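Student: Could you take me through the aromatic rings of this structure in detail? I would like the pairs, and also any charges that sit over a ring.

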Amino acid sequence: MCGIVGGICKNNIIPVLVNGLKRLEYRGYDSAGVVVLSKDNTLSRTRAVGKVVNLEKHIKDSAIPISGTIGIAHTRWATHGEPSSRNAHPHICNNLVSVVHNGIIENFLQLKAQQQKQGYNFTSDTDTEVIAHAIHQALEVSESLLEAVQKAIKTFTGAYGVGVISPKHPGHIIAARSGSPLVIGISKKGNFIASDQMALLDITKEFIFLEEGDIADITLESVTIYNKDGAQVEREIKTSKLKSGQVSKGDYAHYMLKEIFEQPQAIRDTLESRISKNSVLISAFGHQAEEIFNHIQHIQIIACGTSYNAGLVAKYWLEDIAKIPTHIEVASEYRYRDPVILNNTLFIAISQSGETADTLEALKTIKKRSKDKNIHTLTICNSAESSLTRESELTFLTHAGPEIGVASTKAFTTQLVSLALLTVAIGKCHKQVSLAQESSIVEGLNRLPGLIEKTLKQEGQIMELAKTFKDKFNALFLGRGAMHAIAMEGALKLKEISYIHAEAFPAGELKHGPIALIAQDTPVIVIAPNDKLLDKLKSNLQEVKSRGSQMIVFEDESAEISPMKGMSIIPTTTNLGRITAPIIFTIPLQLLSYHVALIKGTDVDQPRNLAKSVTVE
C-alpha cells in the first residue's frame, strides 16, 4: 500500500527520501510527496500525482531549492479522496506539524467535525489530515513532539504508521505504529524510518522493527523507543540479509518476469534445511511443532487473494493425504462473522508480506476468542520480521526472496511448497503418511526446480498464444479438484495485470450456469493433469467445444487430449503427482498472463488500483 521514508542525517536528506520512495514503488501508489525542514527551519514541501519521477521533476524544477537534513516522504494509495496533489502526503498543519501516514483512521469523520469546530481548516479529503491537526493541538500543551504524538494517538481508532516532524522541535522525527509496519534504519550517516526495510538498503543493513504500539523519538545521534504503555523499552537491532541487488530487475524487462524465472531457486531455498534425505523435518515448523501437530484435530486456514488460492490447494492435500478436516475462508469475511471455533484446531494464516491487515486482524480475533480452547496458530509468510510472525505460535518462512511485482508469482509457488511440507509433517504425526509415501513426495519436491526450468522453456509457444488475446475482454479458466484452485490463481493473474475480466470455475459446474458465458470469442483456458478426474474433464471439454469457443489446454503429456478445431494444446510435463502437479501447472498460467499484459500495454509490475501489501481493510 502506501510507502513511508524519513530520516535525519548530516547532509541533504532529499536524495535518500527520493531513492527510498523509488524502492517502494512496487507497493502500489498514485501520488507522492516530500517535506523537509529547510535551513531557515521552515517546512518545505512538494507533491505530485503519478510516479515518483514526477515528484523528482517537481523538486528539480522548484524555484526555491528544496533541501534539508531532516525530512519525511510518502507514496500514497488513495483510500479517502481522489488521487491528487492536494490529497498527497505529507500533510501540514499551520506550518508547525507535518505528517506522513499509512493505514486508515476509522473515526476521522468524528475527529474532523470536532477539529472544524475548533477552527482547523482542512485542505484535503484525507483521513490523515486529522492526525496533523490532533498533533498540532496537543503540541500547544506539550513540552516535546514525542509527548504531543503520544497524546494525539490516544484519540485515534484504526490503523496507522506515522512519521512526524515539526519546526518547533527541529532535531526530532517521531515514528509510531499501530497496525501498519514501520522500521528504523541505523546508520553512521544518520537515523531513518521506512515502512519497508528495502527502502533503506542502500544506506544501512541495521534495522529496528517497531512492535505494535511502539513510538520512537529519533534524532541524529539516538533512537529512544516507548511501548504502548509509555514505558521506555529496548528493541533489538537486526542485520538484514537482503542485498540491494536483489531488488533490481537485472536483465529482465519487468520484475514479474524476473520473479517467474527465479522460482526454481526460490523453491530450492524453501526446501533447504527443511528436508533430510527422504524425510520432512517437522522441527522446521518450530520446536513445539511436533507436540502441537500430534494433538490437532482440525485445521482452519485464513488468507486473502493469491494466498487464499494457495490455501485452497492445501485443503485438498491436507484432507486427502493427512486425513485431517480442513476449512478455508477469506480473512476479510472470517474476522467479521461469529464462527464456531472447535477445540484442538490449528489456525494457519498465509500471507506473502505478513502484514495483510484482514489476515492479521482475523488472527488476533481468533487468539482473543479462543483462550479457553486448545487452539494453536501457524503463519506461513515471506517476511521474518512481520506482524503475523510475531502474533503466531509457529512460523514457517517461504524464503522466496524479495518479490517486487504486485502480481505474486514465486511467493505463491513457495507457499505451495511450504504447505506441501506441512501436509507431510502433519500426516506423519497422525500416522497417515507412510515412509514410502513421504519418500515419494520428497522426491517429487526435489524434482520441482528442474521441472519448472523445463516448463519455462515453453515461453515462446505461450507468447504466440498470448497474441490471440489482443482483442479479448473476457476469459474463463477451468479445472477440477486442486486444479480448480490453480485455475482461480490463473484467472486472478490475468485480471490483475491485463485487466481482462477472467473467472475460474470447477469444470463440473459448467452446466450449472457458467456455460452461458461461453461464446465463439471467449477464450477458455483448461488445466488437464493426468489424474482420476481426467475422463470427466475430457467430457467437459466437449461441452465447451460444442459452443465454438477458443480453447487453450495445458495438459500432462500423458493425458492424450484429442485435438479439436480451435483448440491449442500445450503439453506441460508428465508423471506429476498430487503435490507437484498444481505447482507445475501454475507456471504456464503466469507466463500467459504476463505476455497478454504486454500485448495489452498495461503496467505489468504496478497494475492500476492494486498494491503489493494490503495493510488496510
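Tutor: Happy to; here are the ring pairs, followed by the charges over ring faces. A word on the basis: this is a predicted model, where local features need pLDDT of at least 70, side-chain atom pairs count only at pLDDT 80 or more, and totals for chains, interfaces and linings use all residues. Residues are numbered from 1 along each chain as its sequence is written, and side-chain values use heavy atoms, with hydrogens and water left out.

Searching the whole structure gives six aromatic pairs. Rings of Phe, Tyr and Trp (its six-membered ring) pair if their centres lie within 6.5 Å; planes under 30 degrees apart are stacked, over 60 edge-to-face, and the rest tilted. Phe 207 and Phe 209 are a tilted pair, because their ring centres are 6.5 Å apart and their planes meet at 50 degrees. Both of these residues, Phe 207 and Phe 209, are buried (under 20% relative accessible area; exposed is over 50%, partly exposed in between, with a 1.4 Å probe and protein chains only).

Tyr 252 and Phe 261 are also tilted, at 6.0 Å centre to centre and 35 degrees between the planes. Here Tyr 252 is partly exposed at 34% relative accessible area, and Phe 261 is partly exposed at 26%.

Ring pairs also join Phe 285, Phe 293 and Phe 396 into a cluster. Phe 396 has a charge over its face as well: Arg 274, at 4.0 Å from the ring centre. That label requires NZ of Lys or CZ of Arg within 6 Å of the ring centre and within 35 degrees of the ring normal. Arg 608 lies over the face of Tyr 499, 3.9 Å from the ring centre.
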